[in-house]
Amino acid sequence: MNRDGFLKSGHTPSLLSAFLYFDMSFMVWVLLGPLAVIIMSDYQMDAAQKANLVALPVLGGSVLRLVLGYLTDVIGPKRTGQIGIALTMVPLVWGWKFVDSLSELYIVALLLGVAGASFAAALPLASRWYPPKYQGLAMGIAGAGNSGTVFATLFANRIAQHYGSWHAVFGLALIPIALVFIAFTLLAKDSPNQPSPRKLSDYGAVLKQRDTWMFCMLYAVTFGGFVGMSNYLTIFFNTQYGLSPVRAADFATVCVIAGSFFRPVGGWLADRLGGIRMLIALYAVVAIMMACISTLPPLPLMIGLLFIAMMALGMGNGSVFQLVPLRFQNEIGIVTGIVGAAGGLGGYFLPKVLGNLKLSAGTYTPGFLILSGVALLCIALIFLVQGAWKKTWIGSGGKARVESPAMQNTVAS
């Protein structure tokens, strides 16, 4: 990769701002994942209720990404990001000072979705500054903000135990959010290549295209798998292996690191090798790992399998968003919101599948086997559509074409 070419081709302060916004927002978005095993000492919950608690922020993020995606196209990603950061403080204050029942906590969980909706502003802020050949890397760097999950899993339970209250974690999270708001306001800048504002009817036009739904499916598995597992792993380690809240969260952190820090690698490799090739290989890895995980092996082996699976999911996130801007550059705000929402829905259903099947079957095995099967389905879908893609808007293996027909709106659906 030509490092100087990449740096000169875009706007580094905006790329950094997108990363910081996404990073701290992601940290807030998944706070309830590690905290759930501590919160259940205050509110007794069965496996399905714990799954609901960690799934609700993902559902809220899925819905609100559509809203922020629309705002990004109308008022620009910078102003949308500022609104998103400010609104993120609302559930944090509520969780810190006012929650006193499980039903209220469910509401706070849903409102935390505004942090997850950061995706719809952060990625267009970065993407619009960079040419097609650097889209995978730029989107991978901005999207590596999902590393904020590491802060949540590593520190949330430690802070809760130190202060003797999980409420304090919400209060302390306000500090980095406020600092990011200041940095984002000072550093972020909208690209001069902003598309004209979109109408609500434009969403309908995009949704009529087959490729939109294809990317939704692909991202629901990669991003949904990553965020769903990130939220649920602490509960899984606590329930399956009897680990303490802090130790369970520490092992979850090890797995989350793989998915977070390999996302840019996935985007970079997709630029060089092609997003289609990368996704076929990565879904195969996920399918194999989930099948092995379903046997519920001893803890050391389980951690290794989950590490590889999360790494593949993270790289898959970067690979999907190497392809999306090439296919939908002029509608990137709308499509990012739609595809991001689909990813959120995937992350919402994953904990519910694992939690509900654990409750009904008494084991996690069926849930992980289902996840393996879904990854295999994605491979089959890619084989079905890749021929049409190569004829219309993408190069060999899913690499950007030298010419720019992929940037046109006349791509066949």
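This passage describes a nonpolar surface patch and the packing of three helices in a predicted model. Residues are numbered from 1 along each chain as its sequence is written. Because the model is predicted, local features need pLDDT of at least 70 and side-chain atom pairs count only at pLDDT 80 or more, while totals for chains, interfaces and linings use all residues, and side-chain values use heavy atoms, with hydrogens and water left out.

Helix α9 spans residues 135–143 and helix α15 spans residues 263–273, helices being DSSP runs of H or I of at least four residues, numbered from the N terminus. Their axes, which come within 7 Å, cross at roughly 175°, and α9 and α15 are therefore roughly antiparallel to each other (angles over 145 degrees). In this contact (heavy atoms within 4.5 Å), Q135, G136, L137, M139, G140, I141 and G143 of α9 take part, together with R263, P264, G267, W268 and D271 of α15.

Helix α9 also packs with α2, at an angle of about 40° and with the axes 7 Å apart, which makes α2 oblique to α9 (outside the ranges under 35, 65 to 115 and over 145 degrees). Here L15, A18, F19 and F22 in α2 meet A138, I141, A142 and G143 in α9.

Helix α2, residues 12–29, also holds L16, which counts as partly exposed because its relative accessibility is 41% (between 20% and 50%, with a 1.4 Å probe and protein chains only). L16 belongs to a nonpolar patch on the surface that also includes Y163, L172, I175, L179, I182, L186 and L187, and helix α11 (residues 167–187) supplies the largest share of this patch, 6 residues.

Note on methods
Patches are made of residues with over 30% relative accessible area and no salt bridge: like charges are joined within 9 Å, nonpolar side chains (Val, Leu, Ile, Met, Phe, Trp, Tyr) within 5 Å. Accessible areas come from the Shrake-Rupley method with a 1.4 Å probe; for residues, only the protein chains shown count as cover. A salt bridge is a side-chain nitrogen of Lys or Arg within 4 Å of a carboxyl oxygen of Asp or Glu. Helices (H or I, at least four residues) and strands (E, at least two) are DSSP runs, numbered from the N terminus. Axes are lines fitted to C-alpha atoms, for helices over the stretch in contact, and angles run from 0 to 180 degrees between N-to-C directions.
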